[in-house]
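User: Hey, could you walk me through this structure? I'm new to it.

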Amino acid sequence: MSFNGCPHLQAYKAATGTDTFKIIYSYFVACSTADTRLKKAQICKCVSCDDVRPRLHACLSCIYFGCYDKKHIHAHSEEKKHHIAIDVSYGTVYCFICGDYVYDSELEDIAKAQCQRASLSLGLKQRFFPWQPSEEELILLRCNPKRRRVTEASHIGLRGLINLGNTCFMNCILQSLAHTPILRDYFMADKHACQKTDESQQCLVCEMARLYQEFYSGSRTPFIPYKLLHLVWTNARHLAGYEQQDAHEFLIAALDVLHRHCKEMNGVSGSNPHHCNCIIDRIFTGGLQSDVTCKRCNNVSTTIDPIWDISLDLGPGSIHSSHLLSSSTTNAAANHNSNLTQANGVRVIGDSGSSSTSQSIASTEFTHSPAPGFTNSPGNYEPTSLVECLKRFTKTEHLGNSAKIICSKCHSYQESTKQLTMKKLPIVACFHLKRFEHSTGYHKKISTFVSFPEELDMTPFMSSSRNNNNGYNMHSAPSITCDNNRYSLFAVVNHYGTIESGHYTCYIRSLKEQWYRCEDHLIKRATAGEVLNSEGYLLFYHKQVLEYE
């Protein structure tokens with residue numbers, strides 16, 4: 001194939017240049033302004049039949065528009081002897097003498113530059129172009145002629161992790177992150193551009209990128225993540241040492257450190273409640289809406305806080321019991337008092353379904369003691385399900401007589417109700433089942449079975465699903481299920497043992513229907529039944545349908 005087109009195209013370029021091609025391409029192929037898009041809508045139709053057809057061509061000699069299917073552009077070419085035209089749908093050049101589309105590298109460069117300008121004008125970073133290997137990549141491809149194919153029997157991406165001394169909690173989180181689809185694609189595409197110029201400053205994100213390369217290199221020997229462990233200790237001092245740690249706490253700390261190190265793509269995003277465009281927030285951050293309603297006048301105060309996960313209570317305790325924190329402990333939280341003010345020096349921000357030992361600002365979870373009359377007796381914990389936990393998490397909660405607020409509409413102390421809902425769903429939803437209860441002088445692990453589905457519909461728990469009575473109709477399924485709110489399970493972290501001593505393992509989904517059990521350096525095939533019957537502690541779901549922002 002010639003990179004300079006056919007002789008007829010070369011003769012046309014020598015006679016008229018490329019200015020006409022630039023004008024037609026910028027006005028009728030890849031429009032970069034509102035004016036050009038308007039002109040395209042008004043002018044871009046066949047001159048002969050006044051029809052707008054998919055294969056409309058424009059003559060490069062006189063800017064005549066004719067449809068290809070009805071041969072109107074052919075008739076024009078034969079009558080006027082104008083032999084070069086452009087397809088306005090795809091921007092390809094057609095030679096009527098050769099009877100075929102022709103390629104020209106100079107025109108291709110002009111087209112790429114114009115497409116880039118058109119994409120930027122629409123708020124897109126860049127237009128998709130097929131991958132073309134660079135000279136360095138061509139050398140690597142020639143030196144490595146063997147290609148790995150992903151089949152049902154392949155084990156690419158499966159690799160054990162050596163336990164470095166009570167680091168099973170870290171290994172399970174790393175396995176889950178390594179098999180998070182969007183995050184995996186990000187690191188495998190070398191999207192991270194490190195900003196650390198000082199070699200003494202080690203970047204945790206760079207080490208995570210190396211971890212993905214090790215996982216998907218095809219090697220089957222267990223990997224030793226000693227450098228990553230050292231970087232975690234350096235950046236999260238409370239996790240340093242070889243004591244047993246909580247997997248959920250490590251997850252939040254790891255996401256926080258990765259978020260702080262991913263600075264090359266940070267920016268303001270109107271659709272992201274955390275106002276950050278780094279890869280961590282784009283994947284894991286959701287928006288939790290809190291509605292506090294005055295019981296007298298129904299005045300509603302709404303705040304939306306960013307969250308990385310949802311912690312769900314397993315105990316029976318009172319669903320409507322209130323949990324209060326002093327205002328001095330909530331400086332990192334978003335201000336919830338836009339319309340409702342503090343009463344008696346207490347700010348109402350607690351809830352019965354969101355507590356954690358994590359202290360990350362990005363999580364809107366706070367530690368609280370059990371409600372009065374709450375006992376930790378195993379007999380009080382009955383089997384439940386993830387959906388039931390979510391129903392309780394989003395159920396309207398009466399804050400009680402001791403938590404009256406000053407309503408900005410009533411201008412007096414009033415009782416109120418509170419409801420948590422999901423304003424914005426993250427791409428990857430992580431659910432933390434709170435199996436560890438801590439009360440005064442007593443610590444207990446809750447080993448009750450909690451069922452969870454392979455596919456989860458979050459539509460009933462969205463803010464848009466609230467009814468006019470400030471609640472949910474949880475007994476009847478929604479009439480319309482939004483596909484954008486459906487999730488698929490891809491990782492489960494389990495804890496076995498007691499609260500004093502135990503062991504973490506995890507299940508990960510490698511291919512569509514293939515599950516594997518990861519226990520440090522050991523990996524073996526598992527069934528979906530084994531996964532769904534396991535004692536889940538952290539559940540990872542990813543969206544089935546992704547939306548473009």
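**A first look**

Analyst: Let's start with helix α7 (residues 168–178), which is mostly covered: 11 of its 11 residues are buried. Buried means under 20% relative accessible area, exposed means over 50%, and partly exposed is in between, with a 1.4 Å probe and protein chains only. Helices here are DSSP runs of H or I with at least four residues, strands are runs of E with at least two, and both are numbered from the N terminus. Before we go on: this is a predicted model, where local features need pLDDT of at least 70, side-chain atom pairs count only at pLDDT 80 or more, and totals for chains, interfaces and linings use all residues. Residues are numbered from 1 along each chain as its sequence is written, and side-chain values use heavy atoms, with hydrogens and water left out.

User: Which residues of α7 are buried?

Analyst: They include C168, F169, M170 and N171 at the start of the list, and L177 and A178 at the end of it.

User: And which residues are buried in helix α8?

Analyst: In α8 (residues 181–188), P181, L183, Y186 and F187 are buried. The cover over those residues includes α7, α9 (204–215), α12 (279–284), β22 (486–497) and β26. Just after α8, D190 has a positive phi of about 55°.

User: You mentioned β26. Where does L538 lie?

Analyst: L538 lies in strand β26, residues 536–543. Its relative accessibility is 0%, so L538 counts as buried.

User: What is L538 in contact with?

Analyst: Leaving aside neighbours within four places in sequence, its contacts (heavy atoms within 4.5 Å) include I173, L251, F431 and V492. C430 is another of them. L538 and C430 are 108 residues apart in sequence, with 6.8 Å between their C-alpha atoms in space.

User: Switching topic. How many salt bridges are there?

Analyst: A search of the whole structure finds 12. A salt bridge here is a side-chain nitrogen of Lys or Arg within 4 Å of a carboxyl oxygen of Asp or Glu. As background, side chains of opposite charge can pair when their charged atoms come close.

User: Which residue forms a salt bridge with D256?

Analyst: That's R260, with the closest N and O atoms 3.3 Å apart. Both residues lie in helix α11 (residues 247–261), four residues apart, about one turn of the helix. D256 is partly exposed at 22% relative accessible area, and R260 is partly exposed at 37%.

User: Why do residues three or four places apart point the same way?

Analyst: An α-helix has 3.6 residues a turn, so residues at that spacing point the same way. Over in helix α13 (residues 386–393), K391 and E388 sit three residues apart, about one turn of the helix. Their side chains meet in a salt bridge at 3.6 Å, N to O. K391 is partly exposed at 24%, and so is E388 at 41%. Elsewhere, salt bridges that share partners join K13, D104 and E106 into one network.

User: Okay, helix packing. At what angle do α2 and α5 pack?

Analyst: Helix α2 (residues 19–29) and helix α5 (residues 105–121) pack at about 30°, with their axes 10 Å apart. The axes are lines fitted to C-alpha atoms, for helices over the stretch in contact, and angles run from 0 to 180 degrees between N-to-C directions.

User: Which residues make the contact?

Analyst: On the α2 side they are F21, K22, Y25 and S26, and on the α5 side L107, I110, A111, Q114 and C115.

User: Any sheets to look at? What order do the strands of the open sheet of four have?

Analyst: The order is β7-β6-β16-β13, with antiparallel pairing. At the edges are β7 (300–307) and β13 (397–398), each pairing on one side only. Strands β6 (residues 286–294) and β16 (residues 416–424) pair in the antiparallel sense over eight bridges. Two strands count as paired if DSSP finds at least two bridges between them. S290 stands opposite L420 in β16.

User: What about the loop between β6 and β7, which residue is found there?

Analyst: N298 is one of the residues in that loop. N298 has a positive phi of about 65° although it is not a glycine, and N298 is exposed, at 52% relative accessible area.

User: And K81, is that buried or exposed?

Analyst: K81 counts as exposed, at 57% relative accessibility. K81 lies in the loop between α4 (72–80) and β3 (84–87), and K81 has a positive phi of about 60° although it is not a glycine.
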